[in-house]
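Let's work through a few short exercises on pockets and a ligand. Have a look at the model first, then try each task before you read its solution.

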Amino acid sequence: MNRTSPVYNLNEPLIFEQSSPGKAAYSLPPLDVEDTPVEEILEPGLIRQEIRGFPEVSEVEIIRHYTRMSTWNYHIDLGMYPLGSCTMKYNPRLNERTARMPRIAMVHPMQEAALSQGNLKLIHRLQECLQELTGLDAVTLQPAAGSQGEMVGILMVRAHHEAQQRQRRYVLIPDSAHGTNPASAAIAGYQVVSIPSDSSGRIDIRVLRERMNQDVACLMLTNPNTLGIFESRIEEISRIVHDQGGLIYMDGANFNALMGYARPGDMGIDVLHLNLHKTFSTPHGGGGPGCGAVACRDLLAPYLPSPVIERDGSGYRANPDRPHSVGPVHAFHGNFGMMVRALTYILTCGGSGLKQITETAVLNANYIRARLQEYFHLPYPTPSMHEAVFSDKTLEPFGVKTLDVAKQLIDEGFHPPTIYFPLIVRGAMMIEPTESESKAELDAFVDAMIRIYHRAREDADAAHEAPRLAKRTRLDETRAARRPVLRWTPEEEA
Ligand SMILES: *Cc1c(COP(=O)(O)O)cnc(C)c1O
């Protein structure tokens, strides 16, 4: 191993390989009482036997091992993260400060309402902010993710139709939708009917008219959609659906393209989810605690998950007494720490700041679109909102594909964009810079993409070999997904 090489950290051995017998991460002073064998104090069942293959290392070895491995991660504090649809924006440090304030962080959710008024007020204030931003009447912050918010929204739609004594069977979903949309509809017991996109990348209204009828519970629409395109005929769409007694669910994951400029409530949307970890700058956290707020019209408010946080005289309370609710979907109020962070973000930016965020997110996406369109194919000519979707068509003559572009970006020091999604674009590269990035960072990214384009023409083999500088080079991804090896045992090593 070459200790002076920049990839030295990448060659960190397994901790098992660094083990040597007798090493420990602690040292205790010599005993000053009589030594009593553990068997005399504890029952045999309570005494841990030797763990086979357990690594024995010193404190400094443990610390260095994990610190070195932590440097393998790409993260938003290291550089741009252009994952389309995921909205990987910077997580401001101020959010972390407020979320860690002991009076906010240490309150137990079962503490009496009289003793947690401040925290309840905080939740209520965030609900109000989201109502104002969406133009809708009520909000729950209980769902832990956007996908869970979708499920809650569709269950509320179902509860509404059941209350009308009219069970409907179908949910209409455009073919550009995120995979969680049909999954949520199916979990709620609906059959999914797909609506194609037209040549501008928007929902085909002619087909929507044909497929909309009184057996359709709702249209599930992403706006702007996953091509980064605004559904400009949203009012007409909403009339078509409402005329047949259906509702409109909006996937609001891309709300950073609208915030402060357009309100879904004004577009005829009945219910939507927002991803606080996208638009409102809370951490994405690898499947960890998140918040997929759901906002709805008064019509659907009785079905919101319990409890809801509401005003109680001059104070606030969590009201569990809601007979029509779809029920709780998370312990207590949801992931409170995320609400603190999101509210901090909203209040720090203020109304004009939130508008500026939207402007910058859209400007940044269009800047990338304008600078790259000479090199990479744009399947839809429609201007972008918060993200731009390219395809690998211009690289086809050289035998270079989207996957090769993504892997080369790793060697260029960038996280790859979202690839092969949306499914309706062959070889899709979906790039969302967010408002966090400066022009210098955007230019560095674009320059890397242009280098990759030229390399495809000049040296396709090099493109196929990337990444060369990463911990692992090109993997057999299918095999890694189907036959993952997740456990290390000393026998396998031998
Ligand atoms: C991220 C995303 C979702 C799912 O949200 P999670 O919080 O990841 O569960 C749904 N729809 C779209 C368009 C998204 O981008």
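**Exercise 1. Find the volume of the largest pocket and the residues closest to its centre.**

Step 1: the largest pocket has a volume of about 750 Å³. A pocket here is an open set of points on a 1 Å grid over the protein atoms alone, where a 1.4 Å probe fits, with protein on both sides within 12 Å along at least five of seven lines; lining residues have an atom within 4 Å of a point. The volume is the space filled by probe spheres set on the points, which are joined across faces, edges and corners.

Step 2: of its 24 lining residues, Trp 72, Tyr 74, Ile 410, Ala 470 and Lys 471 come closest to the centre.

A word on the source: this is a predicted model, where local features need pLDDT of at least 70, side-chain atom pairs need 80 or more, and totals for chains, interfaces and linings use all residues. Residues are numbered from 1 along each chain as its sequence is written, and side-chain values use heavy atoms, leaving out hydrogens and water.

**Exercise 2. Locate the ligand and pick out its polar contacts.**

Step 1: go to the second largest pocket, where the ligand sits (more than half of its atoms lie within 2 Å of the grid points). That pocket holds about 380 Å³ of space.

Step 2: look for polar contacts (N or O pairs within 3.5 Å). A ligand nitrogen is 2.5 Å from a polar side-chain atom of Asp 251. A ligand oxygen lies 2.7 Å from a polar backbone atom of Gly 146.

Methods. A polar contact is a pair of N or O atoms within 3.5 Å; within protein, one must be able to donate a hydrogen and the other to accept it, and residues adjacent in sequence count only if both atoms are side-chain atoms.
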